[in-house]
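Q: I would like to learn how to read a structural model, one feature at a time. May we begin with the structure in view?

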Amino acid sequence: MHRIVFLGPPGAGKGTQATRLSRSLDIVHLSTGDLLRSAVSERTNLGIEADRYMRAGQLVPDELVIKVIEDNLRRPSAKTGFLLDGFPRTLRQAEALAIITPLDRVVSFEIPEEQLLERLTQRRSCPKCARAYNLATQPPRVADHCDDDGTELVQRPDDLPEAVRTRLTVYQDQTAPLLAFYQRLGLLRPINAAGDVDEVGARVRTATA
Ligand code: AP5
C-alpha cells in the first residue's frame, strides 16, 4: 500500500510530481491547496474563511484543514492508498494525521530558495483543472491556455512577490520542523528537487519504491 506525504517549500514541485506519481501508482492525490482553491471559487463557507489567509500567504487554521483531509481520507477512494500534497504543514496537523492513518513514506523536496522564486513567479495555473504550467520551463502548447481543457490560465494571487515572501517564512517557521518529526519516525526520504521534471520524477519514484 502507498500512503505517501510530499513535504517541501512552496514552488518545490510537489504538485507537479504528485500528479504524475498518483497516476502511475493509481492512488488518490489530495492537495489541500487545490481543495481549498476549489472551495474559494465555489464560495463555500470553508472557501470564504480560507480566502483571506491564502491571499496573504498565511496558513488556513488547523481545524479547518484537518477536517478537509479527514473527510477525504475516509472516502473509499483513499482506502487503497493516497498521496498527500501540502498536508500536514504544522505539528498539530501531523499529530492529527497520525491518529487518522499510518504512513509509509514522507518525501521531502529539497531545493535552493532562489530556484523557488523563479518557479513561482513564472507559474501559471488552470483555474478549472488546477494543472500548473511554467512560462520558462513548462509552457502550454497554446499561449495562456490549458493543454487539457483550453481554459485561460491565471496567476495565483499568492504567487505575487509579497505573498511568496510570507509563504517562504511560514514554511521555515511552521512546516520545516516536521522534517525532524518524520525523521524520528524513520519515514523521511529527502530528494534533490532541482533539475528537470523527469529527473526529479525518477528520484521521487526511487524514494517511494
Ligand atoms: P499550496 O497550493 O499547497 O501551495 P504550496 O505548498 O505553497 O505549494 P505550491 O503549489 O506553490 O508549489 P508546489 O511545490 O506544488 O510546486 P508546483 O508543482 O506547482 O497551498 C497554498 C495555500 O493554501 C497555502 O499558502 C495556505 O494558505 C493554504 N494551505 C494549503 N495547505 C494547507 C495546510 N495543510 N494548512 C494550512 N493552510 C494550507 O511547481 C511550481 C512551479 O514550478 C510550476 O510553474 C511548475 O510548472 C514548475 N516546476 C515544477 N517542477 C519543476 C522542475 N523540476 N523544473 C522546472 N520547473 C518546475
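Q: Which residues of H4 are buried?

A: A word on the source comes before the answer: this is a predicted model. The buried residues of H4 are Asp62, Val65, Ile66, Val68, Ile69, Asn72 and Leu73. Seen down the axis of H4, these residues fall within an arc of 160°, so they line one face of the helix.

Q: Why do residues a few places apart point the same way in an α-helix?

A: An α-helix has 3.6 residues a turn, so residues three or four places apart point the same way. H1 offers a further case: its buried residues are Lys14, Gln17, Ala18, Leu21 and Ser22. Because they fall within an arc of 125° when seen down the axis of H1, they line one face of that helix.

Q: Which residues of H1 are exposed on the other side?

A: Arg23 and Ser24 are exposed there.

Q: How should I read the span of a helix, and what span should the 12 residues of H4 have?

A: The general idea is to set the distance between the end C-alpha atoms against an expected rise for each residue. At 1.5 Å a residue, the 12 residues of H4 should span 16 Å, and its end C-alpha atoms are 16 Å apart, which agrees. H1 also has 12 residues. From its first C-alpha to its last, H1 reaches 16 Å, close to the 16 Å expected at 1.5 Å a residue.

Q: Where is Asp62 placed, and is Asp62 buried or exposed?

A: For any single residue, one may ask for its element, its accessibility and its contacts in turn. Asp62 is in helix H4, which covers residues 62-73. Its relative accessible area is 15%, so Asp62 is buried, the cut-off being under 20%. As for contacts, a polar contact of 2.9 Å joins the side chains of Asp62 and Gln93.

Q: Which residues of helix H5 are buried?

A: Gln93, the contact partner of Asp62, is one of the buried residues of H5, which covers residues 91-100. The others in that list are Ala94, Ala96, Leu97 and Ile100. They cover an arc of only 165° around the axis, which puts them on the same side of H5. On the other side of H5, Ala98 and Ile99 are exposed.

Q: How should I read the surroundings of the ligand, and which of the 36 residues around the ligand come nearest?

A: One may start with the nearest residues, then consider atom pairs, and then the make-up of the shell. Of the 36 residues around the ligand, Thr16, Gln58, Arg89, Gln138 and Arg167 come nearest. A backbone N or O atom of Gln58 lies 2.6 Å from an oxygen atom of the ligand. For Gly11, a backbone N or O atom lies 2.9 Å from an oxygen atom of the ligand. In the case of Arg37, a polar side-chain atom lies 2.9 Å from an oxygen atom of the ligand. The ligand exposes 1,000 Å² when taken alone, and the protein buries 96% of that.

Q: Which elements give two or more residues to the shell around the ligand?

A: They are helix H1 (14-25), helix H2 (32-42), helix H6 (113-121), strand S6 (132-134) and helix H9 (197-208). H2 gives the most, with 4 residues. By class, the shell has 14 nonpolar, 13 polar and 9 charged residues.

Q: How should I read the backbone in loops, and what kind of peptide bond joins Phe87 and Pro88?

A: Here the torsion angles are the place to look. A cis peptide bond joins Phe87 and Pro88, with omega about 0°. Pro88 is in the loop between strand S3 (81-85) and H5.

Q: What is phi of Arg43, and what is phi of Asp144?

A: Phi of Arg43 is near 55°, a positive value in a residue other than glycine. Arg43 lies in the loop between H2 and helix H3 (45-56), and at 58% relative accessibility Arg43 counts as exposed. Phi of Asp144 is near 65°, also a positive value in a residue other than glycine. Asp144 is in the loop between S6 and H7, and at 44% relative accessibility Asp144 counts as partly exposed.

Q: Is Arg156 buried or exposed?

A: At 13% relative accessibility, Arg156 counts as buried. Arg156 is placed in the loop between S6 and helix H7 (161-175).

Technical notes: Residues numbered from 1 in each chain as written. Predicted model: local features only at pLDDT ≥ 70, side-chain atom pairs only at ≥ 80, totals over all residues. Heavy atoms only, no water. Near = heavy atom within 4 Å. Polar contact = N/O pair within 3.5 Å; in protein donor to acceptor, adjacent residues only side chain to side chain. Areas by Shrake-Rupley, 256 points an atom, 1.4 Å probe, with all protein chains shown as cover. Nonpolar A, V, L, I, M, F, W, Y, C, P; charged D, E, K, R; others polar. Expected span 1.5 Å × (residues − 1). Buried < 20%, exposed > 50% of the residue type's maximum accessible area, 1.4 Å probe, protein only. Arc of directions from axis to C-beta.
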